[in-house]
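Please open the model in your viewer and keep the sequence panel beside it, since each stop of this tour begins with a selection.

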Amino acid sequence: MAHRRPNLPDFPWDTIADDIALAHRHPDGACDLSVGTPVDPTPDIGQRALTGAADSPGYPTVAGTPAMQQAIIDYLQNRWRSVSLSPQAIMATIGSKEFVAQAPWLLGVGLGATVVIPEVAYPTYEVGAVMVGARVVRADHPDALAGVTPDLIWLNSPSNPTGAVMSAADLAGWVEFARSVPAVLAVDECYGEFGWQADPVSVLDPRVNGGSLEGLIACFSLSKRSNLAGYRAGFLAGDPGIVQAMLGVRKHLGMMVPTPVQAAMVALLGDQGHVERQRQLYLDRRSRLSAALLAAGFRIDQSQAGLYLWTTRGDSGRQAAHWLASRGLIVAPGDFYGPRGRDHVRIALTASDERIDQACARLVV
């Protein structure tokens, strides 16, 4: 019998290969503002913790070390006002993208099920649903789901790509709806440390969930917060019954965060100072790049938080991306993230100061 592969969408960046090549032909090289990969150093405290745990000959557990579990609990309660958490309510992940992609499968969502994602959304929410044969429905408010009975609902605040931030009241409305179905409500909060014009709120906050984690999962990452993308360090927290069920599956598959990475997570989650310093770097880059885009005739929409500017100049995102590529700038067309994004481009702040300054100079020539 022939193996049947899921009908996945095209990998988005493959569709702009010509614009990428055009940008690289710029005499001073390309400024790649298309992907949110950190470029600043991993904090020393994390590097020291990693090397200090380098002698780790035994297998780590899927659940993680007690020290890492406690560090996650302390971080969520101190930084995000989480309801009381037990070790059974948390789980480390090998970065956050692998969990986003595998969540439907880990939750037992399969063929014929329905997964709700935002109208404009990180592509992996859709990919995870397609992989298990689920139907994808895009919606930004429960009122848009009349007649739809979802099994899994994804939210993302702050949003990638738009930078929009959901209020506590809006999140609470989704919690109420998900529990009424019932459906699992998973909220991707990976950009939460970077609020500029609005303060992000976690679904773990009792103002949102009424003091209960029933049916809820929140997803976090150290990639942006701590420049730790290369370590693949993420975690989630939520309903202990749901977390433990997923943990049981992951045990069978040996999906373990390496012990040295867990040690780095402990050190970095316990230190907020490096986060504040990184915030200031991104804020400075955001201010310079925003001013240059406005001077070049772009409009910046939403973008209240996160590490991207969601911008348009009134034509299609593909046309704007080509115009920028002709100036040596690589950006992500908005239709990568759904049909509603087709008039925008996403521009990342995750470039060095030198490349940000180059980009600004090219925009205003």
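The tour below goes from the sheets to the helices and then to single residues.

Bear in mind that this is a predicted model, in which local features need pLDDT of at least 70 and side-chain atom pairs count only at pLDDT 80 or more, while totals for chains, interfaces and linings use all residues. Residues are numbered from 1 along each chain as its sequence is written, and side-chain values use heavy atoms, with hydrogens and water left out.

**The seven-stranded sheet**

Begin by selecting the strands of the open sheet with the order β2-β8-β7-β6-β5-β3-β4, in which seven strands are joined by mixed pairing. Helices (H or I, at least four residues) and strands (E, at least two) are DSSP runs, numbered from the N terminus, and two strands pair if DSSP finds at least two bridges between them. The edges are taken by β2 and by β4 (135-138), each of which pairs on one side only. With direction ignored, neighbouring strands here are turned by 20° against each other on average; axes are lines fitted to C-alpha atoms, for helices over the stretch in contact, and angles run from 0 to 180 degrees between N-to-C directions.

Next select β7 and β8, which pair in the antiparallel sense over five bridges, and look for S221, whose bridge partner in β8 is G234. Then move to strand β3 (residues 114-117), which runs parallel to β4 and is joined to β4 by four bridges; I117 stands opposite R138 of β4. Adding helix α5 (residues 123-131) to the selection completes a right-handed β-α-β unit of β3, α5 and β4. Right-handed is meant in this sense: with the strands pointing away from the viewer, the path from the first strand over the helix to the second runs clockwise.

**The four-stranded sheet**

Now select the strands of the other open sheet, where four strands follow the order β9-β10-β13-β12 with antiparallel pairing. β9 (299-301) and β12 (332-333) stand at its edges with a single partner strand each, so one side of each has no neighbour in the sheet. Between β9 and strand β10 (residues 308-312) there are three bridges, in the antiparallel sense, and D301 stands opposite W310 in β10.

Helix α10 (residues 273-295) packs on this sheet and touches β9, β10 and β13 (345-348), its direction making about 5° with that of β10; contact means heavy atoms within 4.5 Å. Helix α11 (residues 317-325) also packs on the sheet, touching β12 and β13, and its direction makes about 40° with that of β13.

Within α10, pick out S290, which is buried at a relative accessible area of 12%. The scale counts under 20% relative accessible area as buried, over 50% as exposed and anything in between as partly exposed (1.4 Å probe, protein chains only). Residues up to four places away in sequence aside, S290 touches I300 and L309.

**A pair of helices**

Select α3 (66-80) together with helix α9 (residues 259-269), and note that their axes come within 9 Å and cross at roughly 30°. That makes α3 roughly parallel to α9, given that angles under 35 degrees count as roughly parallel, over 145 as roughly antiparallel, 65 to 115 as roughly perpendicular and the rest as oblique. The crossing of α3 and α9 is left-handed, the near helix being turned anticlockwise from the far one by less than a right angle. In side view, A67, M68, A71, I72 and Y75 of α3 meet Q262, M265, V266 and L269 of α9.**Loops and unusual backbone**

In the loop between α3 and β2 (90-93), select R81, which has a positive phi of about 55° although it is not a glycine; R81 is partly exposed, with a relative accessible area of 45%. A positive phi, of about 50°, is also found at N227, again not a glycine, in the loop between β7 (216-221) and β8 (234-238), but N227 counts as buried at 6% relative accessibility.

The loop between β5 (152-156) and α6 (168-180) holds P158 and also P161. The peptide bond from S157 to P158 is cis, with omega near -5°, and the one from N160 to P161 is cis as well, with omega near 25°.

Finish at S34, in the loop between β1 (31-32) and α2 (44-52), where the relative accessible area of 2% marks S34 as buried. Leaving out residues up to four places away in sequence, S34 touches W13, I330, V331, A332 and R346.
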